[in-house]
Amino acid sequence: MANELDGFHFEQNHGKARVRVARVWRADGGGGHSMVEWSVNITLFSDCINAYVRDDNSDIVATDTMKNTVYVKAKECSQQLSAEEFAILLAKHFTAFYPQVTSAIVKIVEKPWERINLNGQPHEHGFKLGNEKHTTEAVVKKSGGLKLTSGIAGLSVLKTTQSGFEGFVRDQYTALPETRERMLATEVTAIWRYSYDSISKVPQKPLYFNERYLDVKNVVLSTFFGPPKGGVYSASVQSTLFQIEKAVLIRFPDISSVQLKMPNIHFLPVNISTKDNTIVKFNDDVFLPTDEPHGSIEATLSRFWARM
């Protein structure tokens with residue numbers, strides 16, 4: 001929250017970071033269990049300037065109170081809900097319950113626990129840890145205004161062919177050879193913004209955002225890899241990144257913009273020089289995996305009326 005103070009411009013906020021909470025829902029009649037594990041970050045924008053300039057804490061919502069609120073609200077959720085729904089619920093609570101709070105930001109990272117299958121059957125209460133993480137951020141104003149984003153973090157993908165890199169700038173500093181045959185690997189970070197601008201417009205369908213998360217992830221994967229038979233050629237990470245973003249916006253009308261970060265994680269062909277200068281050249285079958293340095297590629301694609 002911004003204030004004019006003694007001739008200066010002063011902005012402040014406070015919150016609680018990395019509140020870890022797990023919630024289990026047990027179906028009636030001994031059915032299967034569902035569970036989530038979330039790491040929650042809360043930021044409040046409030047009129048508590050007196051705490052900074054007059055040693056008066058009477059308007060501060062204690063960060064310990066924020067932490068406890070996460071657990072209480074999780075307990076109150078009798079039905080399974082998405083990280084997006086919980087983020088909106090928390091932010092709405094803080095802006096409605098405390099008169100001095102004008103807006104709240106709630107960020108959630110969901111740990112990827114996945115139901116385990118044994119002998120082709122889903123286990124009632126068994127889970128294993130997966131890889132990529134589901135993320136979300138809800139910005140809620142006291143008026144009910146909303147900015148909602150979701151994302152994928154740590155989606156590692158690789159294909160062993162159907163990738164090349166040609167026609168780039170060559171000068172006295174360039175050593176990289178051109179190729180139409182290379183491995184392509186990256187760790188995708190995706191963030192997409194929904195078009196809903198108020199809480200009242202958010203879909204009420206249970207677990208809607210979980211379904212949308214899985215659908216977006218499927219579009220990312222299918223665009224990156226192409227058909228199971230033959231795949232699809234990538235002329236560059238940049239080209240593949242753009243095709244993914246375009247496919248997401250075409251497929252999902254309620255997504256207004258999407259941002260992708262796709263570092264180019266290199267797998268370098270191994271060639272060995274021996275003492276007598278004989279070079280052992282491997283034929284696209286033995287590689288040196290590297291994670292640094294790596295190429296850094298990111299971009300945002302938005303509809304004309306929207307910006308991230």
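This is a short talk on one protein model, first as a whole and then at one helix, H4.

The model is predicted, so please keep that in mind throughout. The protein has 308 residues, and 37% of them are buried. Its secondary structure consists of 5 helices and 16 strands. The C-alpha trace spans about 80 × 65 × 45 Å along its principal axes.

Next, contacts. Counting those with a separation of 6 or more, 65% are between residues 24 or more positions apart.

On the surface, about 17900 Å² is exposed, and carbon and sulfur atoms supply 53% of that. As for charge, there are 35 positive and 34 negative charges, and their mean positions lie 4 Å apart.

Now to helix H4. H4 runs over residues 208–225, which is 18 residues. From first C-alpha to last, H4 reaches 26 Å, close to the 26 Å expected at 1.5 Å a residue.

Which residues of H4 are buried? They are Tyr208, Phe209, Arg212, Tyr213, Val216, Lys217, Val219, Val220 and Phe224. These residues sit on the same side of H4, because they cover an arc of only 165° around the axis. The general background is that an α-helix has 3.6 residues a turn, so residues three or four places apart point the same way.

What covers that buried set? The cover includes two helices, H3 (83–97) and H5 (237–251). It also includes strands E8 (133–141), E9 (146–159), E10 (184–194) and E11 (255–261).

Last, the end of the helix. H4 is followed by glycine 226, and the phi of that glycine is positive, near 80°.

Terms used
Residues numbered from 1 in each chain as written. Predicted model: local features only at pLDDT ≥ 70, side-chain atom pairs only at ≥ 80, totals over all residues. Heavy atoms only, no water. Helix = DSSP H or I, 4+ residues; strand = E, 2+ residues; numbered from the N terminus. Buried < 20%, exposed > 50% of the residue type's maximum accessible area, 1.4 Å probe, protein only. Contact = heavy atoms within 4.5 Å. Areas by Shrake-Rupley, 256 points an atom, 1.4 Å probe, with all protein chains shown as cover. Lys, Arg positive; Asp, Glu negative; His and termini not counted. Charge placed at Lys NZ, Arg CZ, Asp CG, Glu CD. Expected span 1.5 Å × (residues − 1). Arc of directions from axis to C-beta.
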